[in-house]
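Trainee: I have not seen this structure before. Could you walk me through it?

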Amino acid sequence: MEILGLNIDIETWKRIGIAVVIFVIFLGLRKLFTSYLFKLVLGFARHKRINLITTILEGFEKPIRWLFVIIGLQLALKYFPFTVLEHDLHRHLFRSLFIAMIGWGVYNVAGSTAIFMATFIKKFDIQVDRIIIPFVQKLIRSLVIVMAISIIAQEWGFNVSTFVAGLGIGGLAFALAAKDAIANLFGGIIIITEKPFTMGDWIKTPSVEGVVEDITFRSTKVRTFDQALVTVPNATLSSESIINWSKMGKRQISFTLSLTYNTPLHVVKACVEEIQSMLENHDEVDKETIIVRFEDFSQSSLDLLVYFFSSNTAYVEYLRIREDVNYKIIGILEKYDVSIAYPTQTLVVQQNDHPLAENQFQRANS
């Protein structure tokens, strides 16, 4: 039989048929694995709560599906009567595909590092900042990618050690080109080691204020209070002053209470004492530092300094405590019939009845 100028005999047709059957069989095995065997083993592992096996199976599910296709294609090509790929090319290609599938599976499993670390930390009661876990997860995944690429490169005859040595020769040019990336990487390491904040903390810097959502090798993501997502380079963030409002043990409340000048001395003293006593007995005021003092004679008022800290640092609760204290202060002032001063000026006009002065005034206005 002649097809497309090729004389194909019965033996050749048999080999083509065998190749097609092999490939179809492996496609069927892939379907069997996906629909039945994989679900059965995964269900058993989940039922027995074997987290390690469950994570590995879930990570290698898609790579194994493709392995069936790759193995089926590799075996089919061995029986295929025509040369599709040269021997060396065939060997390098399929080895690279196997390495890529293994790397893909390990990469997926590395994504579950957070689960393993959380379990390990909980079991041994180790204090680890939450921000370290995703950072380690990204680091492991990056190493897996680098190793897979290096092994595949060696498979195709590239000398990886020579390439690395070449980086030493051109290290200066590389460093200059990647100085921002390197600065951001070291900035991330500084943030991880010094731990000025963790994920979920409310921070304020000269460039951003909001809640930390994530940290990567290059940047830190902060969600502002109007729900905008700001990405700040780690090099910038690590060199700025950072206020971590979530780390506050108490929150300052300070203001000046201005009384009118006609307030009697004994009333001023009574107001100072009662406000001091009210704050000392308030359940949500920190008892360590409470200052209520007659501070100053201003231009239009007698000024009382009120300085204390709320024990709750959450912003809404802080405002509620401050409001409650204000209500109680108003009650104290009303008790003593004290008025709050506001800026005023008194103009005194003295009338001069001397006749000479009156004549001079008239001449000046004539």
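**A buried aspartate, two cores and a surface patch**

Mentor: Start with D303, a residue of strand 10. Keep in mind that this is a predicted model.

Trainee: Is D303 buried or exposed?

Mentor: Buried means under 20% relative accessible area. D303 has 10% relative accessibility, so D303 counts as buried.

Trainee: Which side chains make polar contacts with D303?

Mentor: One polar contact, of 3.0 Å, joins the side chain of D303 to that of S258. Another, of 2.7 Å, joins the side chains of D303 and S301. The partners are S258 and S301.

Trainee: How many residues along the chain separate D303 and T256?

Mentor: D303 touches T256, and its other contacts include L257, R293 and D296. The C-alpha atoms of D303 and T256 are separated by 6.2 Å. Along the chain, the two residues are apart by 47 residues.

Trainee: Which element gives the most residues to the largest nonpolar core?

Mentor: That core has 24 residues, and L257, L259, I275, L279, F308 and I329 have the most contacts inside it. Strand 8, helix 10, strand 10 and helix 11 each give two or more residues to this core. The top contributor, with seven residues, is helix 10.

Trainee: Which residues does L279 touch, beyond those up to four places away in sequence?

Mentor: L279 is one of the core residues with the most contacts inside the core. Its partners include a lysine, K287. The full set is V285, K287, I290, V292, V306, F308 and V325.

Trainee: How many residues does the second core have?

Mentor: The second core is separate. Among its members are F197, I203, V212 and I215. Its residue count is eleven.

Trainee: Is Y36 buried or exposed?

Mentor: Y36 lies in helix 1, which covers residues 10–47. V21, I25, L29, L32 and Y36 form a nonpolar surface patch with about 480 Å² of accessible area together. Exposed means over 50% relative accessible area. Y36 has 58%, so Y36 is exposed.

Trainee: Now the whole protein. What share of its residues count as buried?

Mentor: The protein has twelve helices and ten strands. About 24100 Å² is exposed, and carbon and sulfur atoms supply 61% of that area. Of the 366 residues, the buried share is 31%.

Trainee: Among contacts between residues at least 6 apart in sequence, what share join residues at least 24 apart?

Mentor: D303 and T256 touch, and they are 47 residues apart along the chain. For the protein, the share of such contacts joining residues at least 24 apart, among those at least 6 apart, is 65%.

Note on methods:
Residues numbered from 1 in each chain as written. Predicted model: local features only at pLDDT ≥ 70, side-chain atom pairs only at ≥ 80, totals over all residues. Heavy atoms only, no water. Core = buried A, V, L, I, M, F, W, Y, C linked by side-chain atoms within 4.5 Å. Buried < 20%, exposed > 50% of the residue type's maximum accessible area, 1.4 Å probe, protein only. Helix = DSSP H or I, 4+ residues; strand = E, 2+ residues; numbered from the N terminus. Contact = heavy atoms within 4.5 Å. Patch = residues over 30% accessible without salt bridge, like charges linked within 9 Å, V, L, I, M, F, W, Y side chains within 5 Å. Areas by Shrake-Rupley, 256 points an atom, 1.4 Å probe, with all protein chains shown as cover. Salt bridge = Lys/Arg side-chain N within 4 Å of Asp/Glu carboxyl O. Polar contact = N/O pair within 3.5 Å; in protein donor to acceptor, adjacent residues only side chain to side chain.
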